[in-house]
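Okay everyone, thanks for coming. I'd like to walk you through one protein chain today, so please have the picture open while I talk.

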Amino acid sequence: MGEPQQGEKSFSISKREVWQAYQRVAANKGAPGVDGVALEAFEKDLKNNLYRIWNRMASGSYFPPPVRAVPIPKKDGVRILGVPTIADRIAQTVVARRLEPRMEKIFHDDSYGYRVGRSAVDAVRKCRQRCWRYNWVIDLDVQKFFDSCPHDLIVKAVDANTDQRWIVLYVKRWLVAPMQHADGTLEARDRGTPQGSAVSPCLANLFLHYAFDAWMEREFPAVPFERYVDDAVVHCFSERQALEVCEAIGQRMEQVGLKLHPDKTRIVYCADSNRRGGHDAVTFDFLGYTFGPRKALNQRMGKMFTSFAPAISREKLTTKGQEVRAWRLHLRTGSSLADLAEQINPIVRGWMTYWGHFNKSHMYDLLRRINAYLMRWARKKYRRLRSRRRLQVWWEKLVANEPDMFAHWAWVTGSEFAFAGR
């Protein structure tokens, strides 16, 4: 798009920045906002749409529209995502990209969320290593973090990390942009930053850097932790230390306008073969993994022992199992196997890529369910395969001849025939 001629523009924002922000938004895709404009429709008049964003941002006249409220069911209720329009996502990304380099210079080494070169898997791996070294864990849960974080402290954190007044100006406007519900009603917002917006992860990370990371480093420099945005685990040598640190963290959260969830924040004992004693809580969830005592093989000694290790969480196994069931593969007899593979492989490969890092065998039953539905598909599509013996021969030949057809066949090719025959 080229660089802008600043002229009478109030703020120095380049057209290239807007273009690069658009590219990030386009790569992430996402649903339309309150205007109903999807990415494909936005791109039909891309040049003019991007020019309007730049022109308004550079002149100080950019005001965000409401964000669309999207309810997401959770096991303990409903989470409300706030989905901005495509144009607003681009504007937010311009600001996020300006803040990110500065944030990288100040962020704590154990902050992993939405950072270049760091991932949730890195946080899980570090957590596993520390669970082997420290006997106790504080499993932190900040109650309704994205709904509760105070605007004044978010703005203060942003202001401390930029000399561009337009960034602070637009952050203030985004924080108070109303939430529009499905019936058209507008909900005013005086706290929080909605999940689903492009700038929220950036603001949440920056706020929690001061509210938690820097505070922990100052008050408890010998106590390690891993934080992925508002999900955090703290490691302690003793139960007494864990109780003391947990109480102090609770007080700190109240100082910054937040609150630890009284039922979900727990102290957990990292039980394994080398540790004596016990505790009521010996498991915790972190980033989709359940940490707990698990049987493992000592390769050097050739003996089984109990390790404290992560595997895909029970909650994720349940939700992914429900997702597999909702595909209704066995009823899609109008599709070929290649069609089914094309549709589900990207999803299943993503599951394997993330949860396959630690104790991947805990995923095998889930993957066998996919095979069971594929067998039911074959029985419905081909009458000759209704015999269990013929089905088994057909299946074994298919897997042998096309081992790469389905992504999960790299790990699991079998199934429970009793399930397939229901």
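**Starting from the core**

Let's begin on the inside. The largest nonpolar core in this predicted model holds 126 residues, and the ones with the most contacts inside it are M57, I90, F212, V234, I249 and F284. Which helix gives the most to this core? That's helix α9, residues 200-219, with ten residues. As a bit of background, nonpolar side chains tend to be buried together in soluble globular proteins.

Now pick one of those core residues, I249. Leaving aside residues up to four places away in sequence, I249 touches L140, F212, W215, M216, V234 and L260. Two of the names in that list, F212 and V234, you've just heard among the core residues with the most contacts.

Okay, zoom out for a second. The chain has 422 residues, and 49% of them are buried. You'll find 15 helices and eleven strands. Along the principal axes, the C-alpha atoms fill a box of roughly 80 × 60 × 40 Å. And here's one about contacts: take those between residues at least 6 apart in sequence, and 69% of them join residues at least 24 apart.

Next, the sheets. One is an open sheet of four strands, in the order β6-β7-β3-β8, with antiparallel pairing. Which strands sit at the edges? They're β6, at 225-228, and β8, at 266-269, and each pairs on one side only. On average, neighbouring strands here are turned by 20° against each other, ignoring direction. If you look at β6 and β7 (residues 231-236), there are four bridges between them, in the antiparallel sense, and E226 stands opposite V233 in β7.

Helices pack on this sheet too. Helix α5, residues 120-133, touches β3 (136-141), β6 and β7, and its direction makes about 160° with that of β6. Helix α10, residues 239-255, touches β3, β7 and β8, and its direction makes about 20° with that of β3.

There's also an open sheet of three strands, ordered β9-β10-β11, again with antiparallel pairing. Its edge strands are β9 (284-286) and β11 (303-312), each pairing on one side only. Here the neighbouring strands are turned by 50° against each other on average, direction ignored. Three bridges link β9 with β10, residues 289-298, in the antiparallel sense, and F286 stands opposite Y289 in β10.

Over to strand β1, residues 67-74. With β2 (residues 77-83), β1 pairs in the antiparallel sense over seven bridges, and P71 stands opposite I80. With β4 (residues 179-180), β1 runs parallel, joined by two bridges. One bridge to find on your screen is R68 with its partner Q180 in β4.

Last stop, helix α4, residues 86-106. This helix has 21 residues and reaches 30 Å from its first C-alpha to its last, close to the 30 Å expected at 1.5 Å a residue. So where is the kink in α4? Look at E100, shortly before the proline P101: there's a kink of about 35° there. Several α4 residues are buried, including I86, D88, R89, L99 and M103. I90 is buried as well, and that takes us back to the core, where I90 is among the residues with the most contacts.

That's my tour, so let's go to questions.

How values were computed
Residues are numbered from 1 along each chain as its sequence is written. This is a predicted model: local features need pLDDT of at least 70, side-chain atom pairs count only at pLDDT 80 or more; totals for chains, interfaces and linings use all residues. Side-chain values use heavy atoms; hydrogens and water are left out. A nonpolar core is a set of buried Ala, Val, Leu, Ile, Met, Phe, Trp, Tyr and Cys residues joined through side-chain atoms within 4.5 Å. Buried means under 20% relative accessible area, exposed over 50%, partly exposed in between (1.4 Å probe, protein chains only). Contact means heavy atoms within 4.5 Å. Two strands pair if DSSP finds at least two bridges between them. Axes are lines fitted to C-alpha atoms, for helices over the stretch in contact, and angles run from 0 to 180 degrees between N-to-C directions. The expected span of a helix is 1.5 Å times one less than its number of residues. The bend at a residue is the angle between axes fitted to the seven residues ending there and the seven starting there.
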